Amino acid sequence: MSGIFRHFILALFVVGMACSGEHPASPSQSGDEDGQIAGLVISNAVLPATSGDFAAAREEGGSAFVSAAPNTFTADALYALIRNETAGSARVRKTITEGGFDPVKLDGKEGDDVSVALYKAGGDRLSVSHIKIPPRRPPRVVRTSPGKGRVDVALNTLIEIVFSEPINKTTVAPASVRLVTGGADVDGTLAISEDGLVVRFTPAAGNLSPSASYRIVLASALRDLDSEPLDPLEIEFSTASKAISGSILIRIETTSISGARIDEDGYFIQMDALPIVRVGPGDEKLFDELIGLHSIDLSGLSDNCIEAESHRSVMITPGTTTTVLFQVQCTPPPPLQGRLVFLSERDGNSEI
């Protein structure tokens, strides 16, 4: 082999390696069996109104659901902008909580390309992932409350299971969703949200027993709207020795007066010196396992929106959940006559 030819082969090898773009994925962005970010899931297209007319959903399009399990993304990811690129639909903004987000509904059909762009504080984009709406996919559990392996769980904790797509309500039954302790089923009431994404279990006794081990047991009898079964799953957790803590549920209600624009970016909530979290105009945020007196501050409102009492002080009652309601009212801004107007679309949302 001539020296010139050897150098030519070596050059091709180096260029090929440089163009391959193969770098180790970060722990939060390692791929799953579909080659996507582990924890980031998109369902197949479903048509709820047809009770699982799978063929129609494939041909005519329906709704797909995008979700991310907790700890899917790094801590600096504040929110995601999700969009069906194939359909050219509007971006949907979703606040990231504990490194993930609950299901987001998008119109689409099999094969559509969906982008998930992550942003940090200040509007700087971190990354963009692309996933395609699959032909079929069974339902998955996005998250549970309490989470798997949790210890010292408050006795008044809400039992909640969030699914990656709507569950057929007729399959939610005591045999398919169970809470077990000491080898026996706990008596209680099951409820499923209107959109079919969330199942809640309320113990008949009100609270959980102290110093007890529990299992949330989900059976394959749970099925989605295409009649695909859930893989059986068990989530174990244990409770605190006594009801020494309580919870605060923060609710946001936003009212538009005379058609005023509501800031879809939402607002900021800070409890004590904890990290600031973003909440949407109609969101709820639960802070659990709290003791004593706590301060809550609401900020980040647009100039045309007000809340008469943006600072609250709340004393925790052990074993109970205290609801704090912020009522935001947005009024039309003053006329722009005689002013310069700038329109920014830096983060994908139009802002004046």
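**Cavity, sheet and nonpolar core of the predicted model**

Ala-154, Asn-156, Thr-157, Leu-158, Ser-247, Leu-286, Asp-288 and Thr-321 line the largest cavity of this predicted model. A cavity is a set of points, on a 1 Å grid over the protein atoms alone, where a 1.4 Å probe fits but cannot get out, and lining residues have an atom within 4 Å of a point. The volume of the largest cavity is about 50 Å³, a volume being the space filled by probe spheres set on the points, which are joined across faces, edges and corners. One cavity of 30 Å³ or more is found in a search of the whole structure.

Residues are numbered from 1 along each chain as its sequence is written. In this predicted model, local features need pLDDT of at least 70, side-chain atom pairs count only at pLDDT 80 or more, and totals for chains, interfaces and linings use all residues, while side-chain values use heavy atoms, with hydrogens and water left out.

Four strands (E, DSSP runs of at least two residues, numbered from the N terminus) form an open sheet in the order E11-E10-E14-E15, with antiparallel pairing; two strands pair if DSSP finds at least two bridges between them. Strands E11 (184–185) and E15 (233–238) are the edge strands, each pairing on one side only. Strand E14 (residues 213–218) runs antiparallel to E15 and is joined to E15 by six bridges. Arg-215 has Glu-236 in E15 as its bridge partner.

Definitions and conventions: 1 Å grid on protein atoms, 1.4 Å probe; cavity = no way out; pocket = protein on both sides within 12 Å on 5 of 7 lines; lining within 4 Å.
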